[in-house]
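Trainee: I would like to learn how to read features off a structure. Could we go through one together?

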Amino acid sequence: MKTLDMVNVPFNGGNRDGSTEQTAAILADPALAQQLAQQYLLRFGRVVTLQSEHTHNNQVACARLFMRVHDAMMQQMQASPSQPFLLIGGDHSIAMGTWSGVLDAAPDPDRVGLLWFDAHMDAHTFQTTPSGNLHGMPVAALLGADDPELGAFYPGRHHLSPDNLVLVGVRSYEAEERELLDRMGVAWYGVDQMKYPDAALAWIRPLWHRLRTQCDWIGISIDIDVIDPADAPGVSTPVANGLPANTLYRLLHWLMQQPECIGLEIDEYSPANDAMGKTRQVLLDLIGHAFTKP
């Protein structure tokens with residue numbers, strides 16, 4: 001039985017819809033732990049739960065939480081750089097804390113890469129966002145987009161190099177997001193290459209090999225809405241024609257075995273939208289496939 005430590009950030013402050021703040025209760029459910037043990041011979045060990053403060057100023061509360069996530073990830077990477085981490089959100093805005101912490105812990109931040117699985121580009125700024133929701137902005141923040149208001153939420157000293165970021169599974173975005181990513185030279189892809197597990201694996205291997213020629217550390221961030229809603233309906237912003245869950249399991253299992261892979265973030269599980277518990281099982285299977293050895 002393998003013991004798996006975890007950071008949990010049950011947060012919904014970057015999104016006006018959904019129920020991503022409820023993940024702490026889901027992860028604490030003994031039935032989920034029993035399933036994980038029975039199906040994957042995994043058990044949770046040390047669980048660090050980071051929750052937002054309740055203040056009259058949402059901006060301050062968000063910024064403080066992102067800083068706490070940043071500090072937790074810095075400590076994780078400094079203490080156990082060879083042990084891939086697991087972080088469960090929360091909405092995807094917490095990625096500002098997750099990956100800024102990794103960047104600030106890295107011996108060379110210019111050699112940190114990130115594979116971002118998401119139905120959306122998450123590359124808005126406060127100047128372009130139609131919703132004002134922070135969970136649509138973490139990519140722009142990580143890239144250091146020129147927006148002082150967004151920069152006030154960003155807790156790190158370093159930003160991702162655009163050459164070291166790859167978005168996968170994108171199928172919903174606004175023109176302003178695409179303009180930002182294209183201008184900065186960020187690679188992004190839809191799902192056409194990844195409808196079937198074997199084809200997806202054959203496609204992603206050379207992409208990973210390219211990343212590792214320029215990166216010593218590579219992380220994986222998953223917004224569950226990258227998966228087709230037929231397989232994972234329990235998300236805040238579902239988008240049709242997504243990645244089949246079985247394909248993502250296969251990809252994740254291979255990716256997490258690579259020596260450059262430093263950890264996994266899984267965000268945007270919304271239990272209130274998961275009436276039949278289907279996405280809860282997907283969350284469990286993502287964890288299981290990621291941390292079970294071949």
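**Reading one model**

Mentor: Let us start with a single residue: Phe291 is found in helix H10. Keep in mind that this is a predicted model.

Trainee: Is Phe291 buried or exposed?

Mentor: Burial is judged by relative accessible area, and under 20% counts as buried. Phe291 is buried, because its relative accessible area is 5%.

Trainee: Which residues does Phe291 touch, not counting those up to four places away in sequence?

Mentor: Phe291 touches Lys2, Leu4, Leu42, Pro84, Phe85, Leu86, Met256 and Leu264. Sequence distance and spatial distance should be read separately. Phe291 and Thr3 are 288 residues apart in sequence, and their C-alpha atoms are 9.9 Å apart in space.

Trainee: Where does Gly97 lie, and what is it in contact with beyond its neighbours within four places in sequence?

Mentor: Gly97 lies in helix H4, which spans residues 95–105. Its relative accessible area is 0%, so Gly97 is buried. Leaving aside neighbours within four places, Gly97 is in contact with Phe66, Val69, His70, Met73 and Pro155. The C-alpha atoms of Gly97 and Tyr154 are separated by 7.2 Å, with their positions 57 residues apart along the chain.

Trainee: Now a whole helix. Which residues of H2 are buried?

Mentor: For a helix, list the buried residues, then ask what covers them. In H2, residues 30–40, the buried ones are Leu32, Gln35, Leu36, Ala37 and Tyr40. Their cover includes helix H1 (23–27), strand E2 (42–49) and helix H10 (278–291).

Trainee: What is found at the two ends of H2?

Mentor: At the N-terminal end, Asp29 acts as a cap, with a side-chain oxygen 3.0 Å from the backbone nitrogen of Ala31. After H2 comes Leu41, whose phi is positive, near 55°.

Trainee: How many salt bridges does the structure hold?

Mentor: There are six salt bridges in the structure. One of them joins the side chains of Arg280 and Asp29, at 3.9 Å from N to O. Arg280 is in helix H10 and Asp29 is in the loop between H1 and H2, so this pair ties together parts that are 251 residues apart in sequence. Arg280 counts as buried because its relative accessibility is 15%, whereas Asp29, at 30%, counts as partly exposed.

Trainee: How far apart are the closest N and O atoms of Asp182 and Arg178?

Mentor: Those atoms are 3.2 Å apart, and the two residues form a salt bridge. Asp182 and Arg178 are four residues apart in helix H7 (residues 175–184), so about one helical turn separates them. Asp182 counts as partly exposed at 40% relative accessibility, and Arg178 counts as partly exposed at 37%.

Trainee: How are two packed helices described?

Mentor: They are described by the angle between their axes and the distance between the axes. Here, the axes of H8 and H9 come within 9 Å and cross at roughly 35°. H8 passes H9 in a right-handed crossing. On the H8 side, the contact is made by Pro197, Asp198, Ala200, Leu201, Ile204, Arg205, Trp208 and His209, and on the H9 side by Asn246, Thr247, Arg250, Leu251, Trp254 and Leu255.

Trainee: Which side chains of these helices meet in a salt bridge?

Mentor: Asp198 and Arg250 meet in a salt bridge, at 2.8 Å from N to O. Asp198 lies in helix H8 and Arg250 in helix H9, so the pair ties together parts that are 52 residues apart in sequence. Asp198 is exposed, with a relative accessible area of 52%, while Arg250 counts as partly exposed at 37%.

Trainee: Why is H9 described as largely enclosed?

Mentor: Eight of its eleven residues are buried, so H9 is largely enclosed by the rest of the structure. What covers the buried residues includes strand E4 (112–117), helix H8 (197–214), E7, strand E8 (261–267) and H10.

Trainee: And a charged residue in a loop: where is Asp228?

Mentor: Asp228 is in the loop between strand E7 (217–223) and helix H9 (245–255). Asp228 is buried yet has no salt bridge, and Lys195, the nearest side chain of opposite charge, is 5.3 Å away. In such a case, look for backbone partners as well. The side chain of Asp228 reaches the backbone nitrogen of Gly242 at 2.8 Å. Leaving aside neighbours within four places in sequence, Asp228 is in contact with Ala240, Asn241, Gly242 and Leu243.

Terms used: Residues are numbered from 1 along each chain as its sequence is written. This is a predicted model: local features need pLDDT of at least 70, side-chain atom pairs count only at pLDDT 80 or more; totals for chains, interfaces and linings use all residues. Side-chain values use heavy atoms; hydrogens and water are left out. Buried means under 20% relative accessible area, exposed over 50%, partly exposed in between (1.4 Å probe, protein chains only). Lys and Arg count as positive and Asp and Glu as negative; His and the chain ends are not counted. A salt bridge is a side-chain nitrogen of Lys or Arg within 4 Å of a carboxyl oxygen of Asp or Glu. A polar contact is a pair of N or O atoms within 3.5 Å; within protein, one must be able to donate a hydrogen and the other to accept it, and residues adjacent in sequence count only if both atoms are side-chain atoms. Contact means heavy atoms within 4.5 Å. Axes are lines fitted to C-alpha atoms, for helices over the stretch in contact, and angles run from 0 to 180 degrees between N-to-C directions. A crossing is left-handed if the near helix is turned anticlockwise from the far one by less than a right angle, and right-handed if clockwise.
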